[in-house]
Amino acid sequence: MTVRTTVPPVACVGEARLTAGFTEFGRLDLRAHEMVHGPISPMEPSNLLRLAEDIQLKGKGGAGFPFARKLRAVLESCERQDMPPVVVVNATEGEPASWKDKVLLTRAPHLILDGAALAAFALDAEEIVLCVADDLVGRESLLQALDERRMPAPTSVVTVPHRFISGEGGALVNGINGLPHIPPGTKKRSSDSGVGGLPTLLSNAETYSQVAVAARLGPYEYAALGTDDEPGTVLLSVTGAAKRHAVVECAAGTPLREILELCEVPDGPGILMGGYHGKWITREAAEKAEVSRKGLAAVGGTLGAGIIVPLANDTCPLGEAAQVVRYLSGESAGQCGPCKRGLPDLARAVDLAVSGSAPVEVVRAAAGDVKGRGACSHPDGTSRFALSAMEVFADDLRKHTTGEGCGRRVKGMMGLPGAPDANPQKLILDWSRCDGHGLCAHVVPDFIRLDQNGYPAFPPTPVPTWLREGAAKAVKVCPALALRLAKAE
């Protein structure tokens, strides 16, 4: 699977709100936007706060933090410090499998700007900062929209490195302030001190768009869709093994199976819900789940950033998961122990378990070493993903542990940058030559071990990429020339 470089198609289950007008207009310029959505009026702080509370709006970027609490914290901080605030829109979408904010940038930019303008007017903000990734998807559309209208405060567009960690709130504020685009070493609230040291309201593009929709509809009409706990609609990025990759809008509470059927998702061993910091669920669980935080939690999943990545039956699910853990390890800020040392250890533990060289307890121990200890949520999210894979794919793991393997190659369905291993290799032992010297096990002990008779034992699965160099050395030091590396079929 190649990484998509263009925005995927958009689909809708039920009434369209965020995606209204897409069929008729494609991209909505200001005139089309006003025809579809109607006028909007500025709101006083108390009214905007009450609206956010009434619709129970939670952030759509993954963490699900209540928007009203963010808004109140900024209002209180401004009053306490006698400072004006800054409004920041996070449209960076650094996770490779996510495309919903890019859809809004490219096709409904005025909806994002409406939400940011409402917040800026209510807070009497000094500045609005719109953050997009340096892949530049949607940037031109956003600039065109800004040229068509007036904003209530000076507004700028900032480009951010397209990395997984760059969209984290603290990293985003650091980047805007001219610092490296990584989270601060200690946890701090942007509502107290964010951009330029000012109180900062920071949320993602879909969240601001939901504010704009709710301001027009009012809380009662807004809640006509969705559930009692989660009114309104959600945007979902559906990729992976789906035959129809799409960004789908649906009401909260929609059966997940309707989304899977719409996107023609085949049967498979599991579905990742919520993105790379999310959790895996089985296809059987997906048939019973509803698209909501509560509904997905009931089957062991999570809504997270609204990402759905199903796997097909012809790929190795554990191998797919291992690739993601390695990617997340490399995407860390590398400034605190759990990220700098803990995540590489976790990636190695997952690789060892997948190769059959270590029991699952090694993964659990490595995940426990990083959980709750990082300067940001990256270690927690990575450990949650890894442990979920070990649980949902337990049957496959048993096959790998016994040395049989699952018989499937990794096809690269997770949307990661770069292709899967183009040249998988495995070790071959010529038993007619092996004299049991044991040197190979000393060179690469993470993959080769000596059995009770002193002869090398290793799984028949491909050698993990991070152990490839050690395996090549083991071949060279074998005095009997009994080892060789061969292409894995």
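**Exercise 1. Place H37 and classify its exposure: buried or exposed?**

Solution.
- Start with the element. In this predicted model, H37 sits in helix α2.
- Take the relative accessible area. H37 has 16%.
- Apply the cut-off. Buried means under 20%, so H37 is buried.
- List the contacts, leaving out residues up to four places away in sequence. H37 touches R17, A20, L28, L111 and R216.

**Exercise 2. Which residues form a nonpolar patch on the surface, and what is their accessible area together?**

Solution.
- The patch consists of F25, M35 and V36.
- Together they have about 260 Å² of accessible area.
- Locate one member. M35 belongs to helix α2, residues 30-37.
- Check its exposure. The relative accessible area of M35 is 53%. Exposed means over 50%, so M35 is exposed.

**Exercise 3. Compare the span of helix α4 with the expected value, then describe its surroundings.**

Solution.
- Helix α4 covers residues 67-81, which is 15 residues.
- From first C-alpha to last, α4 reaches 21 Å. At 1.5 Å a residue, 21 Å is expected, and the span is close to that.
- Next, burial. The buried residues of α4 are F67, A68, L71, A73, V74, S77 and C78.
- Then the cover. Among the elements over these residues are α3 (45-54), α6 (109-123), β5 (200-204) and α9 (205-222).
- Finish at the end of the helix. D82 follows α4 and has a positive phi, near 55 degrees.

**Exercise 4. Which residues of α7 are buried, and where do they lie around the axis?**

Solution.
- The buried residues in α7 are S141, L142, A145 and L146.
- They cover an arc of only 140 degrees around the axis, so they lie on the same side of α7.
- The helix geometry helps here. An α-helix has 3.6 residues a turn, so residues three or four places apart point the same way.
- Cover for the buried residues of α7 includes α5, α6, β3 (127-133) and β4.

**Exercise 5. How many salt bridges does the structure hold, and which parts does the pair E206 and K100 tie together?**

Solution.
- The structure holds 21 salt bridges.
- In the pair of E206 and K100, the closest N and O atoms are 2.7 Å apart.
- E206 is in helix α9 and K100 in helix α5 (residues 100-107), so the bridge ties together parts 106 residues apart in sequence.
- Check burial. E206 and K100 are both buried.

**Exercise 6. Analyse the salt bridge between D114 and R149.**

Solution.
- The N to O distance is 2.9 Å.
- D114 lies in helix α6, and R149 in the loop between α7 (139-147) and β4 (155-160).
- The two are 35 residues apart, and the pair links distant parts of the chain.
- D114 has a relative accessible area of 4%, so D114 is buried.

**Exercise 7. Classify each partner in the salt bridge of R283 and D267: buried or exposed?**

Solution.
- First the geometry. The closest N and O atoms of R283 and D267 are 3.8 Å apart. The cut-off is within 4 Å, so the pair counts as a salt bridge.
- Then the location. R283 lies in helix α11 (residues 283-288), while D267 is in the loop between α10 (256-262) and β8 (271-273). The bridge therefore ties together parts 16 residues apart in sequence.
- R283 has 12% relative accessibility, so R283 counts as buried.
- D267 has 55%, so D267 counts as exposed.
- Elsewhere, R80, R189 and D192 are joined into one network by salt bridges that share partners.

Note on methods: Residues are numbered from 1 along each chain as its sequence is written. This is a predicted model: local features need pLDDT of at least 70, side-chain atom pairs count only at pLDDT 80 or more; totals for chains, interfaces and linings use all residues. Side-chain values use heavy atoms; hydrogens and water are left out. Helices (H or I, at least four residues) and strands (E, at least two) are DSSP runs, numbered from the N terminus. The expected span of a helix is 1.5 Å times one less than its number of residues. Buried means under 20% relative accessible area, exposed over 50%, partly exposed in between (1.4 Å probe, protein chains only). Contact means heavy atoms within 4.5 Å. Patches are made of residues with over 30% relative accessible area and no salt bridge: like charges are joined within 9 Å, nonpolar side chains (Val, Leu, Ile, Met, Phe, Trp, Tyr) within 5 Å. Accessible areas come from the Shrake-Rupley method with a 1.4 Å probe; for residues, only the protein chains shown count as cover. A salt bridge is a side-chain nitrogen of Lys or Arg within 4 Å of a carboxyl oxygen of Asp or Glu. The arc is that of the directions from the helix axis to the C-beta atoms.
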